[in-house]
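This report goes through selected side-chain contacts, backbone angles and surface patches of one protein model. The sequence and structure are shown first.

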Amino acid sequence: MEDEAEVYDGIRAQFPLSFGKQTKSQTPLELIHNTTRRTLDSSSSLSTTDNKPNHPLPSISSSSKAWLTNLRKNPNPNPNSRQQRGPLPNHGHDSGKTNSDHQNYDELDEKAPTTSTTSILEDEDGGAMVGPPRPPPTTDLEEEEDKDDGGEMIGPPRPMSSNLEEEDEDDGGAMIGPPRPPSSNLEEEDEDDDSDVEPEDQYRIPVSNEIVLKGHSKVVSALAVDHTGSRVLSGSYDYTVRMYDFQGMNSRLASFRQLEPSEGHQVRSLSWSPTADRFLCVTGSAQAKIYDRDGLTLGEFVKGDMYIRDLKNTKGHISGLTCGEWHPRAKETILTSSEDGSLRIWDVSDFKSQKQVIKPKLARPGRVPVTTCTWDHEGKSIAGGIGDGSIQIWNLKPGWGSRPDVHIQKGHDDEITGLKFSSDGRTLLSRSTDGSMKVWDLRQIKEPVKVFEELPNNYAQTNVAFSPDEQLIFTGTSVERDSTSGGSVCFYDRTKLELISRVGISPTCSVVQCAWHPKLNQVFATVGDKSQGGTHILYDPSISERGALVCVARAPRKKSIDDFVAKPVIHNPHALPLFRDQPSRKRQREKALKDPVKSHKPELPMTGPGFGGRVGSTKGSLLTQYLLKQGGMIKETWMEEDPREAILKYADVAAKDPKFIAPAYAETQPEPVFAKSDSEEEDK
């Protein structure tokens with residue numbers, strides 16, 4: 001038995017303990033998120049309020065290709081190296097730190113630690129270590145730090161640190177219990193207890209990191225994120241809609257499908273259904289389209305008759321659409337607005353008929369375009385922005401008609417681009433191209449509660465939205481010609497009605513659509529101009545979930561030899577002319593009629609000096625006649641002779657030798673007497 005065991009052990013030693021492809025060690029998430037961290041651009045700056053200092057405008061994050069190249073060179077970086085610690089963090093609220101300060105990185109850490117929305121933990125050197133919360137100490141280096149602090153860490157992983165944590169560490173006590181709530185940023189190591197709390201930390205705005213979904217060639221004017229946060233739709237002025245899937249994307253951030261709903265028409269609005277199985281696409285044409293989740297066309301609504309004067313008698317819109325939105329609760333109902341001056345409610349199950357036609361109230365009869373529309377949170381009210389600057393609200397109740405329940409005559413001085421209800425239905429936000437955003441209390445609509453000025457807006461699709469907890473209001477701004485500040489997203493406190501943060505998105509492109517997804521806790525902002533367009537996604541690794549975090553850490557699959565596919569050579573012998581069937585006579589005649597040579601009518605021969613509009617310049621149509629005439633063998637004297645004399649010269653011959661009719665009548669016919677020539681009489 002012992003000998004058999006030794007034999008089996010020897011055989012077992014020849015086989016590896018694990019089969020299959022050996023996975024390499026993955027790159028730390030801290031290093032991946034450090035590459036997408038937003039950096040400062042010292043060339044431009046913005047100011048939030050008058051009593052606060054200027055804050056530089058964050059620039060666009062680095063591309064995914066750069067960090068992939070870096071990771072391939074250093075797959076297992078040293079924890080104490082500069083790459084592991086990451087670049088200097090900043091979120092648009094700490095001044096004095098620019099990209100040029102990265103040269104003396106270690107000196108800056110010793111002199112003045114910086115702040116960040118992520119956790120700030122004490123390092124060995126006394127500086128600040130940037131990144132997500134540190135896991136429980138497992139390495140020798142962390143165990144020595146804990147021993148120096150005077151105790152072991154008990155409980156869940158260490159949370160985000162604050163002033164109290166530093167005091168506990170100095171006192172030598174151990175932290176026991178659940179993680180503390182998010183802490184405020186520290187300006188210096190020896191900061192007092194009455195330190196000010198930064199706005200981004202107070203409201204937890206996820207703007208520390210950024211990725212960009214590219215692919216459009218013009219400004220992105222429409223945005224829709226489904227309720228689960230897995231798929232994103234972006235529509236642009238380049239007439240296309242791109243579909244992105246976070247679960248299927250890698251760090252290249254490429255779309256998996258591209259649609260062109262209506263050729264030559266801009267995409268103006270996108271909206272998911274409540275069940276996220278279909279979405280509505282509104283373009284500059286008069287017909288809206290419905291697609292399923294994978295981008296397949298389900299139907300197109302009917303177009304109305306443009307020659308009918310009354311819009312209530314038309315079956316659909318007769319002019320280009322401006323906005324559209326799916327009902328928040330009913331999965332078969334949608335709302336659209338158009339330039340023809342009407343709002344219409346449709347049933348998705350029937351694309352050929354509409355449920356309701358709403359004509360807004362106007363001061364003068366005519367057709368004024370409806371620029372935007374929206375549902376309230378429960379789907380019981382409809383708000384529309386009219387081209388004359390008024391805001392009208394209709395409550396859906398039995399027997400309701402086109403007469404609005406709420407009518408704000410002079411809501412804005414220019415075209416209204418966005419409307420948004422609060423969840424309680426008491427507050428309405430409006431955005432306009434006059435460069436303002438207004439907050440309305442629907443219980444007192446005579447005057448707005450607050451008017452925010454100096455918000456440039458150059459696009460008809462610029463929207464306004466609430467944060468998930470509705471504590472903040474935010475909207476995008478456009479780039480002006482003479483301004484040095486780029487497109488940004490402005491956050492306002494809903495209760496205090498003051499500017500909290502101004503986050504720069506792009507130094508050269510305008511921000512049109514923006515959204516804050518409640519499940520992902522990520523901010524979406526669409527930007528672009530006449531030559532480019534994209535969707536910026538702002539997130540924070542410590543407070544955001546899934547979404548951008550899933551795809552940014554997924555490296556593209558390496559190409560293998562199995563990916564190579566040789567193009568096959570197709571041999572089709574029956575396509576050769578030898579094997580082709582002879583065409584029918586009918587086709588041959590049709591082909592001959594189209595042939596200019598075969599179908600040409602031959603020219604008729606010429607007789608006389610001219611015939612058929614042609615002059616006989618060749619003195620004969622035949623080559624033989626022409627050559628004989630030129631040689632003198634054929635002489636044409638008939639034009640010079642007298643016709644009477646030409647006939648009489650044959651009179652003697654006919655009398656002597658009659659051939660045809662003359663012999664039969666010779667005995668009965670009298671002798672012919674010819675008249676003498678006129679010339680002879682004249683001579684006498």
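Which side chain of opposite charge is nearest to Asp376, and how far away is it? In this predicted model, that side chain is Lys380, at 7.5 Å. Asp376 is buried and has no salt bridge, as a salt bridge needs a side-chain nitrogen of Lys or Arg within 4 Å of a carboxyl oxygen. The residue sits in the loop that runs between strand S18 (370-375) and strand S19 (381-386). Its side chain does have backbone partners: the nitrogen of Lys380 is reached at 2.8 Å, and the nitrogen of Ser381 is reached at 3.2 Å. Lys380 thus appears twice for Asp376, once as the nearest side chain of opposite charge and once through its backbone nitrogen.

**Salt bridges**

Across the whole structure, 13 salt bridges are found. The table lists three of them by their N to O distance.

| Pair | Distance, N to O |
|---|---|
| Asp245 and Arg231 | 3.8 Å |
| Arg494 and Asp424 | 3.7 Å |
| Glu470 and Arg494 | 3.1 Å |

To begin with the pair in the top row, the side chains of Asp245 and Arg231 meet in a salt bridge. Asp245 belongs to strand S8 (residues 241-245) and Arg231 to strand S7 (residues 231-236), so this pair ties together parts that are 14 residues apart in sequence. Asp245 and Arg231 are both buried.

The other two rows share Arg494. With Asp424, the closest N and O atoms are 3.7 Å apart. Arg494 lies in the loop between strand S28 (487-493) and strand S29 (499-506), while Asp424 lies in the loop between S22 and strand S23 (427-432), so the salt bridge ties together parts that are 70 residues apart in sequence. Asp424 counts as partly exposed, because its relative accessibility is 42%.

The second partner of Arg494 is Glu470, and their side chains meet at 3.1 Å. Glu470 is placed in the loop between strand S26 (464-466) and strand S27 (472-476), and Arg494 in the loop between S28 and S29, so the pair ties together parts that are 24 residues apart in sequence. Glu470 is buried, because its relative accessible area is 16%, under the 20% limit. Salt bridges with shared partners also join Arg231, Asp245 and Asp294 into one network.

**Positive phi angles and a buried valine**

Most residues other than glycine have a negative phi. Two exceptions are described here. Asn521 has a phi near 55 degrees, a positive value in a residue that is not glycine. Its place is the loop between strand S30 (510-517) and strand S31 (522-528). Asn521 is buried, at a relative accessible area of 17%, and its side chain makes a polar contact of 3.0 Å with the side chain of Trp516. Arg546, also not a glycine, has a positive phi of about 50 degrees. This arginine is in the loop between strand S32 (533-539) and helix H9 (548-552).

Val348 is a loop residue too, placed between strand S16 (343-347) and strand S17 (354-358). Is Val348 buried or exposed? It is buried, because its relative accessible area is 4%. Val348 and Phe301 are 47 residues apart along the chain, and their C-alpha atoms are separated by 8.6 Å.

**Surface patches**

Two patches are described, one charged and one nonpolar. The negative patch consists of Asp413, Asp414, Glu453 and Glu454. Within this group, Asp414 is in the loop between strand S21 (406-408) and strand S22 (416-421). Its relative accessible area is 38%, so Asp414 is partly exposed.

The nonpolar patch covers about 340 Å² and is made by Leu576, Leu578 and Phe579. Phe579 is located in the loop between H9 and helix H10 (585-594). With a relative accessible area of 44%, Phe579 is partly exposed.

How values were computed. Residues numbered from 1 in each chain as written. Predicted model: local features only at pLDDT ≥ 70, side-chain atom pairs only at ≥ 80, totals over all residues. Heavy atoms only, no water. Patch = residues over 30% accessible without salt bridge, like charges linked within 9 Å, V, L, I, M, F, W, Y side chains within 5 Å. Areas by Shrake-Rupley, 256 points an atom, 1.4 Å probe, with all protein chains shown as cover. Lys, Arg positive; Asp, Glu negative; His and termini not counted. Charge placed at Lys NZ, Arg CZ, Asp CG, Glu CD. Helix = DSSP H or I, 4+ residues; strand = E, 2+ residues; numbered from the N terminus. Buried < 20%, exposed > 50% of the residue type's maximum accessible area, 1.4 Å probe, protein only. Polar contact = N/O pair within 3.5 Å; in protein donor to acceptor, adjacent residues only side chain to side chain.
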